[in-house]
Amino acid sequence: MKIAVAKGDGIGPEIMSAVLKIFDANKVPLEYEMVDMGKWVFDKGFSNGMTPEAQQTIERLGVLFKGPMETPKGKGVKSVNVTARKTWNTYANKRVFQTLHGVDTVFSKAGIPIDITVVRENIEDTYGGIEHMLTHDVALSRRFITRPGSLQVIRYAFEMARQKNARRITCSHKANIMKITDGLFLDCFYEVAKEYPELKADDVIVDDLCMKLVTRPDTFDVVVLTNLQGDIVSDLCAGLVGGLGFAPSANIGDHICIFEAVHGTAPDIAGKNIANPTALLLSGFAMLRHLGLTENAAIIENALLYTLEQGVHTGDFGDKSKASLNTTQFADAIIANFGKTPQLNAKELIPNKPGTPTPLKLERNTMLESKEIENEKIIGVDMFIESNEQPDIIAKKCQRHGGVKFNLINISNRGTQVWPTGSVYTNLVNQYNVRFESIDNYPLNQQDVIGLYVSLSGDFKIASLELLNMWGDKKSYSSAAGQ
């Protein structure tokens with residue numbers, strides 16, 4: 001079985017060499033095809049951080065094992081890590097955070113065991129990186145949450161929770177504020193929950209989740225979140241078990257999967273052979289189990305856990321009164337402990353059932369689309385205009401352009417209504433949202449909206465617009481604060 005391997009930047013080559021040395025010592029039946037990705041590939045002019053040959057190899061083999069990678073700063077390029085996840089639609093980012101005996105934390109000292117699996121949506125949300133300057137003072141980031149994308153990652157989370165006999169699966173969100181985007185994600189969660197009646201499914205607002213994670217982390221089991229919130233919460237969970245040096249990451253897609261260390265490249269210690277390879281090794285266990293190499297994974301993981309229980313450590317953790325090992329020595333210590341069983345959390349030796357990671361060869365992009373069950377109609381438009389005038393002056397100008405089809409409903413600034421009611425204590429910026437709705441909710445077409453755009457552009461620069469849609473009798477757009 002062959003997989004693609006990218007060593008990464010900074011400490012990446014050192015920790016990857018250590019992990020592959022451990023795999024080879026355990027006779028893991030894998031072959032490695034090295035691919036070129038990372039900062040030095042950016043520096044050679046490849047804007048996505050990988051060579052075309054690397055992309056072809058990964059798409060042919062279906063599995064990428066990668067070290068940490070750096071994205072050059074100030075060059076306008078996207079993160080190679082995010083690009084890789086999005087390019088190959090690895091829609092579920094799975095991170096398992098467990099108490100490791102020998103890695104002291106406030107919770108391990110208090111005898112509170114932690115075993116939390118965070119499943120983070122990996123493709124959408126603000127990580128689309130779709131941003132614009134609407135005026136010289138106002139920046140816009142578009143946040144996309146889709147029904148098919150949400151269903152993909154949530155169904156994966158439920159299926160994984162079922163397989164691990166989870167006691168609880170929790171959706172964390174901010175649907176109390178982002179009622180449409182996070183509201184859609186939450187709706188999808190409870191829609192899928194109906195298919196898994198044996199699992200306890202609940203939800204919690206994300207800020208409340210963060211508080212509860214640092215007070216009673218042992219009450220959580222599987223947590224599924226949108227992309228940005230999942231990114232933040234997964235790093236918080238890493239802090240609960242000792243830091244990113246003990247945080248594995250698996251990026252799961254239908255055709256291609258990526259297993260990686262999520263910590264940084266640590267350029268300050270690169271080349272010194274003192275980096276901790278544990279996070280990459282833990283990610284490697286997830287990869288081995290994904291490939292059906294369950295026995296190899298268990299033997300090596302038991303050796304790692306036993307090694308940690310003996311107080312063996314690299315310089316970044318452990319008992320400082322006991323000499324630390326360098327990267328190579330730490331790997332050798334794990335190898336020497338093959339066949340030994342840790343006192344806590346020993347892994348069952350399940351015989352290998354290796355499959356093939358090779359993906360189906362696709363001829364076209366997959367279109368994700370759910371069935372539209374209610375009729376759609378346009379009933380208005382939000383015009384985002386640039387102006388430094390007062391709201392009442394803007395309203396008088398806008399009312400001249402409504403004609404026989406549009407009513408000016410309200411004007412907001414940074415999401416707060418400033419007309420027809422508002423407060424002079426509301427600070428303004430030079431970009432307003434001017435909302436027009438059709439008279440008596442009469443269905444409009446795009447030509448009506450274009451006509452309004454042309455007329456309104458005589459008085460204002462229109463930076464952007466959004467249609468106001470309805471499906472059936474449900475308005476599918478948010479209200480301004482104070483409206």
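This note goes through the aromatic contacts of a predicted model, with attention to the rings around Phe189.

1. Across the whole structure, the search returns six aromatic pairs. One of them joins Phe158 to Phe189, where the ring centres are 5.2 Å apart and the planes meet at 45°, an arrangement classed as tilted. This pair connects distant parts of the chain, since Phe158 belongs to helix H6 (residues 147-163) whereas Phe189 belongs to helix H7 (residues 181-193), with their positions 31 residues apart in the numbering.

2. Both partners of that pair are out of reach of the probe by the computed values: Phe158 has a relative accessible area of 0% and is therefore buried, and Phe189, likewise at 0%, also counts as buried.

3. Phe189 has a further partner in Tyr190, and here the pair is edge-to-face because the planes stand at 80°, over the 60 degrees that this class requires, while the centres are 5.1 Å apart. Tyr190 itself is partly exposed, because its relative accessible area of 33% falls between the limits of 20% for buried and 50% for exposed.

4. Taken together, ring pairs join Phe158, Phe189, Tyr190 and Tyr196 into a cluster, and within this cluster Phe158 and Phe189 are buried, whereas Tyr190 is partly exposed.

5. A contact of another kind involves a charged side chain: Arg120 is placed over the face of Tyr127, at 5.1 Å from the ring centre.

Technical notes: Residues are numbered from 1 along each chain as its sequence is written. This is a predicted model: local features need pLDDT of at least 70, side-chain atom pairs count only at pLDDT 80 or more; totals for chains, interfaces and linings use all residues. Side-chain values use heavy atoms; hydrogens and water are left out. Rings of Phe, Tyr and Trp (its six-membered ring) pair if their centres lie within 6.5 Å; planes under 30 degrees apart count as stacked, over 60 as edge-to-face and the rest as tilted. Helices (H or I, at least four residues) and strands (E, at least two) are DSSP runs, numbered from the N terminus. Buried means under 20% relative accessible area, exposed over 50%, partly exposed in between (1.4 Å probe, protein chains only). A charge sits over a ring if NZ of Lys or CZ of Arg is within 6 Å of the ring centre and within 35 degrees of the ring normal.
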